[in-house]
Amino acid sequence: MTEPDDALERAQLLLALRQRGIRDRAVMSALERVPRERFIEPAFRPLAWADQALPIDCGQTISQPAVVALMAQALDLAPAHRVLEIGTGSGYAAAILGHVVREVVTVERFRTLADAAARRLDALGLANVEVVIADGRHGYGARAPYDRILLSAAVEEVPAELFEQLGPDGILVAPVGPAHETQMLVRFARGATGLERRELGPVRFVPMLPGIAAVL
Ligand code: SAH
């Protein structure tokens with residue numbers, strides 16, 4: 001439940017996002033509606049509506065709201081879309097996507113995170129978001145193709161298998177660059193002339209790691 005005294009911080013965050021150029025109304029409305037405090041550890045609750053990444057279980061992080069907003073906007077989402085996210089983490093970005101599009105498949109390699117995220121998404125009534133435990137470097141072929149693909153973990157190079165699971169006119173957004181350093185958020189749009197690549201700005205994400213996590 002949203003604490004009433006979050007209202008000011010929420011309003012300030014939404015204003016800051018608007019000032020940073022987030023114009024997509026469906027994305028803004030999703031950011032307003034998803035209770036971020038439910039996706040973070042109790043100790044960090046006072047920072048739930050601050051525009052910053054925060055630590056979650058398994059040594060991972062919940063993304064910064066401005067970065068989630070930027071990625072979601074860059075995906076040019078439409079209500080009919082089916083979206084694949086790699087890197088469920090807390091489930092926050094999946095919840096934002098789930099408010100905007102028809103169907104979301106989100107893949108996570110830690111069972112602990114996947115289970116907790118699935119519980120949160122259920123509690124919010126987001127029945128259109130499915131959490132899958134798998135190695136997202138291979139995407140999730142069982143439900144491909146996807147209209148949009150979002151990588152919530154950094155890659156040195158986007159795996160070819162992910163592009164294979166992207167439908168015609170598809171858009172894929174990914175942090176591309178070295179692990180544990182600054183990466184570039186890149187938008188790949190599939191069009192008549194091939195893949196158009198656009199750089200959106202520097203970001204810092206945890207790396208996409210191989211395999212399902214051994215320590216769950
Ligand atoms: N979108 C999340 C942030 C995720 S942090 C949120 O809003 O909270 C990145 C996540 O990617 C971590 O949880 C990490 O475990 C996961 N990850 C890293 N490599 C992966 C892989 N190969 N397959 C699936 N998930 C992966």
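Which residues are exposed on the other side of H2? To answer that, open the model, which is a predicted one, and start at this helix.

**Stop 1: helix H2**

Select residues 25–33, which form helix H2. Arg25 and Arg33 are the exposed residues that answer the opening question. Now colour Val27, Met28, Ala30 and Leu31, which are buried. Turn the view to look down the axis of H2: the buried residues fall within an arc of 160°, so they line one face of the helix. An α-helix has 3.6 residues a turn, so residues three or four places apart point the same way.

Next, show what lies over that buried face. The cover includes helix H1 (7–19), helix H3 and helix H4 (92–100). Before leaving, go to the N-terminal end of H2, which is capped by Asp24. A side-chain oxygen of Asp24 lies 3.0 Å from the backbone nitrogen of Ala26.

**Stop 2: Ser63**

Select Ser63, which the UniProt annotation "active site" covers in an unreviewed entry. Ser63 sits in the loop between strand S2 (61–62) and helix H3 (65–74). Is Ser63 buried or exposed? Its relative accessibility is 16%, and because buried means under 20%, Ser63 counts as buried. Show the residues in contact with Ser63, leaving aside those within four places in sequence: Arg36, Gln52, Ala53, Val68 and Phe205.

Step back along the chain to Gln60, in the loop between strand S1 (54–55) and S2. Gln60 is buried as well, with a relative accessible area of 17%. Beyond its neighbours within four places in sequence, Gln60 is in contact with Leu54, Pro55, Phe110, Leu113 and Val206.

**Stop 3: the ligand**

Select the ligand and display the 27 residues around it. Which of these residues come nearest? They are Ser90, Glu108, Asp135, Gly136 and Leu209.

Then look at the nitrogen atoms of the ligand. One nitrogen atom is 2.7 Å from a polar backbone atom of Gly136. A ligand nitrogen is also 2.7 Å from a polar backbone atom of Leu209. For a side-chain partner, pick Glu85: an N or O atom in its side chain is 3.0 Å from a nitrogen atom of the ligand. Taken alone, the ligand exposes 580 Å², and the protein buries 99% of that.

**Stop 4: Tyr140**

Move to Tyr140, in the loop between strand S5 (129–133) and strand S6 (146–151). Tyr140 is partly exposed, with a relative accessible area of 23%. Select Val107 too: Tyr140 and Val107 are 33 residues apart along the chain, and their C-alpha atoms are separated by 7.7 Å. Val107 is one of the residues that Tyr140 touches outside the four places on either side in sequence; the others are Leu84, Val105, Val132, Tyr146 and Gln165.

**Stop 5: Pro145 and Arg82**

Stay in the loop between S5 and S6 and select Pro145. The peptide bond from Ala144 to Pro145 is cis, with omega near 0°.

Now add Arg82, which lies in strand S3. Arg82 is buried, with a relative accessible area of 14%. What does the side chain of Arg82 have within reach at Pro145? A polar atom of this side chain lies 2.9 Å from the backbone oxygen of Pro145. A polar atom of the Arg82 side chain also lies 2.8 Å from the backbone oxygen of Arg143. Setting aside neighbours up to four places away in sequence, the residues in contact with Arg82 are Arg102, Glu103, Arg143, Pro145, Tyr146, Asp147 and Arg148.

**Stop 6: two positive phi angles**

Most residues other than glycine have a negative phi, and most peptide bonds are trans. The cis bond from Ala144 to Pro145 was at the previous stop; the next two selections concern phi.

Select Asp76, in the loop between H3 and strand S3 (82–86). Asp76 is not a glycine, yet it has a positive phi of about 45°. This residue is partly exposed, with a relative accessible area of 44%.

Finish at His180, in the loop between strand S7 (166–176) and strand S8 (183–191). The phi of His180 is near 60°, also a positive value in a residue other than glycine. His180 is exposed, with a relative accessible area of 60%.

Notes:
Residues numbered from 1 in each chain as written. Predicted model: local features only at pLDDT ≥ 70, side-chain atom pairs only at ≥ 80, totals over all residues. Heavy atoms only, no water. UniProt positions renumbered as here; feature names shortened; annotations may be inferred. Helix = DSSP H or I, 4+ residues; strand = E, 2+ residues; numbered from the N terminus. Buried < 20%, exposed > 50% of the residue type's maximum accessible area, 1.4 Å probe, protein only. Contact = heavy atoms within 4.5 Å. Near = heavy atom within 4 Å. Polar contact = N/O pair within 3.5 Å; in protein donor to acceptor, adjacent residues only side chain to side chain. Areas by Shrake-Rupley, 256 points an atom, 1.4 Å probe, with all protein chains shown as cover. Arc of directions from axis to C-beta.
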